[in-house]
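Work through the exercises below with the sequence and the coordinates side by side. Each task is followed by a solution that proceeds step by step.

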Amino acid sequence: MTEPIVVVGAALLSGGRLLAARRSAPPELAGRWELPGGKVEPGEAPEQALVRELREELGVEAKSAERVPGEWPVRPGYVLRVWIAHLLSGEPRPLEDHDELRWLSVDEVWDVEWLEADVPAVMEAARVAWGNAGA
Ligand SMILES: Nc1nc2c([nH]c(=O)n2[C@H]2C[C@H](O)[C@@H](COP(=O)(O)OP(=O)(O)OP(=O)(O)O)O2)c(=O)[nH]1
């Protein structure tokens with residue numbers, strides 16, 4: 001059996017808020033919200049991929065922290081794994097793949113229409129970030 005391709009998602013936190021990014025493409029995903037990130041490239045560690053994707057997509061420097069337990073199927077052959085990440089410098093801008101960003105407080109986390117795979121992923125990330133208040 002071939003190993004799935006890992007898509008890393010960042011639960012990027014700053015000032016107690018979680019960053020959500022609205023996809024602008026492809027058409028079937030556009031308008032839905034996700035954790036910024038992308039596919040791990042061959043030879044790359046997932047945490048490196050996360051930092052690279054946040055630089056490319058949002059123009060920020062970030063550091064990865066703990067892995068959020070679990071993994072979630074995205075589509076056949078792809079799984080989503082999530083790490084908590086902290087903003088080190090820069091203000092996120094939607095440079096690639098996204099057309100809007102929102103910093104969500106614990107009370108706002110379900111205000112956006114997350115991609116299907118992200119619903120359980122964000123639930124777990126919220127638990128790690130905020131404790132049961134985010135569930
Ligand atoms: N980045 C990201 N992708 C997600 C999430 N949830 C989810 O279902 N996906 C899907 C959307 C895409 O089919 C796939 C990731 O592809 P991507 O387009 O973000 O990855 P990438 O930046 O490496 O893309 P590319 O180099 O092929 O353009 O996973 C999520 O939270 N973050």
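Two residues are in contact if their C-beta atoms, placed from the backbone, lie within 7 Å. Helices (H or I, at least four residues) and strands (E, at least two) are DSSP runs, numbered from the N terminus. The model is a predicted one, in which local features need pLDDT of at least 70 and side-chain atom pairs count only at pLDDT 80 or more, while totals for chains, interfaces and linings use all residues. Residues are numbered from 1 along each chain as its sequence is written.

**Exercise 1. Check the length of helix α1 and describe its surroundings.**

Step one takes the expected span of a helix as 1.5 Å times one less than its number of residues. Helix α1 covers residues 46-58, and because its 13 residues should span 18 Å at 1.5 Å a residue, the 18 Å between its end C-alpha atoms agrees with expectation.

Step two turns to burial, where a residue is buried if 20 or more other C-beta atoms lie within 10 Å of its own, exposed if 12 or fewer, and partly exposed in between, with C-beta atoms placed from the backbone. By this criterion the buried residues of α1 are Ala49, Leu50, Val51, Glu53, Leu54, Glu57 and Leu58. The cover over these residues includes β1, β4, β5, β6 and β7.

Step three looks just past the helix, where α1 is followed by Gly59, with a positive phi near 70°.

**Exercise 2. Trace the pairing of strands β1, β5 and β6.**

Two strands pair if DSSP finds at least two bridges between them. Strand β1 (residues 5-14) pairs with strand β6 (residues 78-89) in the parallel sense over 9 bridges, and within this pairing Leu12 stands opposite Ala85 in β6.

On the next pairing, strand β5 (residues 61-75) and β6 are antiparallel, again with 9 bridges, and the bridge partner of Val68 in β6 is Val82. The hairpin of β5 and β6 has 2 residues between the strands, and in this hairpin Gly77 takes a positive phi near 90°.

**Exercise 3. Place strand β2 among its partners, and decide how enclosed it is.**

Begin with β1, which is joined to β2 by 2 bridges in the antiparallel sense; here Leu13 stands opposite Leu18 in β2. In the hairpin of β1 and β2, with 2 residues between the strands, Gly15 has a positive phi near 55°.

Continue with β7, which pairs with β2 in the antiparallel sense over 6 bridges, placing Arg23 opposite His98 in β7. The pairing of β2 with β3 is likewise antiparallel, over 2 bridges, and it sets Ala21 opposite Glu34 in β3.

Then consider enclosure: because 5 of the 7 residues of β2 are buried, the strand is largely enclosed by the rest of the structure. Arg17 lies in β2 and is partly exposed, because 16 other C-beta atoms lie within 10 Å. Leaving aside neighbours within four places in sequence, Arg17 is in contact with Trp103, Leu104 and Ser105. Arg17 and Trp130 are 113 residues apart in sequence, yet their C-alpha atoms are 9.5 Å apart in space.

**Exercise 4. Characterise the shell around the ligand.**

First, a residue is near a molecule or strand if its C-beta atom, placed from the backbone, lies within 6 Å of it. The ligand is surrounded by 15 residues, of which the closest are Gly9, Glu34, Gly38, Lys39 and Ala117. The elements giving two or more residues to this shell are β1, β4 (37-39) and β6, and β4 gives the most, with 3 residues.

Second, for the classes, Ala, Val, Leu, Ile, Met, Phe, Trp, Tyr, Cys and Pro count as nonpolar, Asp, Glu, Lys and Arg as charged, and the others, Gly among them, as polar. The shell then has 8 nonpolar, 3 polar and 4 charged residues.

**Exercise 5. Inspect the backbone of two loops.**

In the loop between β2 and β3, which holds Pro26, the peptide bond from Ala25 to Pro26 is cis, with omega near -15°.

In the loop between β6 and β7 lies Asp97, a residue other than glycine whose phi is nonetheless positive, near 75°. Asp97 counts as buried because it has 21 C-beta neighbours inside 10 Å.
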